[in-house]
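Trainee: Could you go through this structure with me, one step at a time, before I set anything up on it?

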Amino acid sequence: MDVSKVLDDDNLLLDIIVRVAFPTSLVRAALVCKCWLWLISDPKFLSRFCKLHPPRLLGFYVNNASPRYPLCFIPMHPQPPEPTAVMRRASFSLDSGQKAETYIRDCRNGRVCTMFYEGTDLKHGVYNPLFPERGMTTIPPFSRYQKKDDCYLWSHLFSVNEGDDFYYLYVLVESSKETGKSVVHVYMLRPGDGVWHIHLTLATDPLSHHWDKKAMLIDNKIYMPGSPSDIVVLDLMASRFSTIRLPPGVDYGDRDNMLSLSDDPSGVYLIQTKELQLRIWLHEGDHWLMVDTISLVDMCANLRMSDCMDGSIHTLFGYQVQDIA
């Protein structure tokens, strides 16, 4: 085959380049010549590349609530040479001198949102393990809210990355003991703003008090526990709520259940710990499908985690897990 027929055909060339597996390979391709740089820099091509090659999971944090089990990062092995080189330069430690008092609020797109103490002051920060030289960036204090005597308050912090647009969302839930209703306040902070701005405020039926540890942001929708048998979904674009019924026998108030992202933004995984099994459900459209069942005993044996076999396996999988890509 005449190589010039490939190099002179932009569409065919892009069909080849889009199949390189990693962004680092894409950068090398862009350095070949100005023509390739121009083709690869096209936003439509970059969007196509990102959809074909979603971020690779480098590992996950075990987000503990006890000094006995400090916060730790578990790398995923094996990795191809390119991610391995990136991980060698990274630093996944969140030790700021108060290791037992540092907790993860959110983890996505390579950014870890943390909650920590400086003396007696509670603060929030963002850390990028892939760029440890930047250190921990402190987030401006949240807007002050006057708590009412008959209300419970819960909150969650999310980081959002949409193309070149990056911002934070702070979600505050106010649940009234008297009326049984909940009001959800959503605040937004963009880099450089310095202060939080109200994004929306909506009232809904009462939300579960477990929701702050169970909430998940997926494609401009916040999934959170409603009653023990359903999930409430807040659509940030449409400013409205909807409800998803859980599979029979699944209680979202149980700390051993959690949500997780799926490859398709229109779907969501529910991971249920039942005795010594992980049951993985996928919600797409209007129904749930059990896609896998994993024996924790067999998994620990395969990973040579002998300490899981002494009864501590329930404690291990009771922790909140945050992944980083």
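What follows is a short exchange about one strand, its pairing and a surface patch.

Mentor: Keep in mind throughout that this is a predicted model.

Trainee: Is strand S13 largely enclosed or not, and how many of its residues are buried?

Mentor: Strand S13 covers residues 230-235, and its side chains divide between two directions, with Asp-230, Val-232 and Leu-234 pointing one way and Ile-231, Val-233 and Asp-235 the other. The residues on both sides are buried, and because this applies to the whole strand, S13 is largely enclosed by the rest of the structure, the number of buried residues being six of the six.

Trainee: Which residue of S13 is the bridge partner of Met-224?

Mentor: Strand S12, residues 221-225, runs antiparallel to S13 and is joined to it by five bridges, while a hairpin of four residues connects the two. Within this pairing, the partner of Met-224 in S13 is Val-232.

Trainee: Which residue takes a positive phi in the hairpin of S13 and S14?

Mentor: S13 also pairs with strand S14, residues 240-245, in the antiparallel sense over six bridges, and Leu-234 stands opposite Phe-241 there. The hairpin has four residues between the strands, and the one with a positive phi, near 55°, is Ser-239.

Trainee: What is the relative accessibility of Asp-264 in the patch of negative charge?

Mentor: The surface patch gathers Glu-162, Asp-219, Asp-263, Asp-264 and Glu-284, and Asp-264 lies in the loop between strands S15 and S16. Buried would require under 20% and exposed over 50%, so Asp-264 counts as partly exposed, at a relative accessibility of 37%.

How values were computed
Residues numbered from 1 in each chain as written. Predicted model: local features only at pLDDT ≥ 70, side-chain atom pairs only at ≥ 80, totals over all residues. Heavy atoms only, no water. Patch = residues over 30% accessible without salt bridge, like charges linked within 9 Å, V, L, I, M, F, W, Y side chains within 5 Å. Areas by Shrake-Rupley, 256 points an atom, 1.4 Å probe, with all protein chains shown as cover. Salt bridge = Lys/Arg side-chain N within 4 Å of Asp/Glu carboxyl O. Lys, Arg positive; Asp, Glu negative; His and termini not counted. Charge placed at Lys NZ, Arg CZ, Asp CG, Glu CD. Buried < 20%, exposed > 50% of the residue type's maximum accessible area, 1.4 Å probe, protein only. Pairing = 2+ DSSP bridges.
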